[in-house]
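Hi,

Here is the structure I promised to pass on. Have a look at it first, and my notes follow underneath.

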Amino acid sequence: MKYGYIRVSTREQNIERQLTAMYENGISRRYIYIDKMSGKDFNRRSYRQMIKRLKKGDEIVIKSIDRLGRNYDEILEQWRYLVRECEVDIRVIDLELLNTKSAFDNNITGRFISDLVLQVLSYVAQVERENTLQRQKEGIIEAKKKGVRFGRPKKEVPNNFEEVYQKWKLEEVNIREAAIILGVAKTTCYNWLIQRKNKKNLQNTRFLD
């Protein structure tokens, strides 16, 4: 049996291009499994359903290797599981060298070549990921040198904070009530109050010294 697998990262992305490729390869709609989610791992509903139906000698068809996933370490692991343990074939439409079927009756050669090519692709992908992360780190360092600040902008303390702080200090309001008055989250309100309290305590300590 021949099964088609399609994946797009979000529900908004169009699957028509991949569907057309499946139809052109003789796969009917009932044997096509579609996931609309990230390829960071293989915990996907449709993919798991397809795996459960696989039998020895079946074939999985995908448009390109990144449709299987984007984590190449996991792709390697999953590839070996499907080919060696499940004994099914994988066909990648956009890259014939990755196809585990060969023109020979005994397809050991085809599987060896596809495994070899996949290893090379995985190495290249890993190097590119590491280079990208390194470039990002270098870019952040240079940006910080120029005064660029990262993360969320710091929330400004409202003008009525001092009044609220005094009420909290006198136990006229609790954290939840203070947060409502200031219009911020409880965590933010708590941090502000504690910072204000610590600042006052530090000032008193310096005065005594």
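Let's start with P158, which sits in the loop between helix 5 (108-145) and helix 6 (161-169). Keep in mind that this is a predicted model. Is P158 buried, exposed or something in between? With a relative accessible area of 22%, P158 comes out as partly exposed, since buried would need a value under 20%. If you set aside the neighbours within four places in sequence, P158 is in contact with L182 and W192. V184 is 26 residues away from P158 along the chain, and the C-alpha atoms of the two are 9.6 Å apart.

Now for the sheet. It is an open one, built from four strands in the order 2-1-3-4, with parallel pairing. Which strands stand at the edges? Those are strand 2 (32-36) and strand 4 (89-92); each has a single partner strand, so one side of each has no neighbour in the sheet. On average, neighbouring strands are turned by 20 degrees against each other, ignoring direction.

If you want to look at one pairing in detail, try strand 3 (residues 59-62) and strand 4: they run parallel and are joined by four bridges. There you'll find I60 of strand 3 standing opposite I90 in strand 4.

Two helices go with this sheet. Helix 1 (residues 16-24) lies across strand 1 (2-8), strand 2 and strand 3, and runs at about 170 degrees to strand 1. Helix 2 (residues 45-53) also lies across strand 1, strand 2 and strand 3, and its angle to strand 2 is about 155 degrees.

Cheers

Key. Residues are numbered from 1 along each chain as its sequence is written. This is a predicted model: local features need pLDDT of at least 70, side-chain atom pairs count only at pLDDT 80 or more; totals for chains, interfaces and linings use all residues. Side-chain values use heavy atoms; hydrogens and water are left out. Buried means under 20% relative accessible area, exposed over 50%, partly exposed in between (1.4 Å probe, protein chains only). Contact means heavy atoms within 4.5 Å. Two strands pair if DSSP finds at least two bridges between them. Axes are lines fitted to C-alpha atoms, for helices over the stretch in contact, and angles run from 0 to 180 degrees between N-to-C directions.
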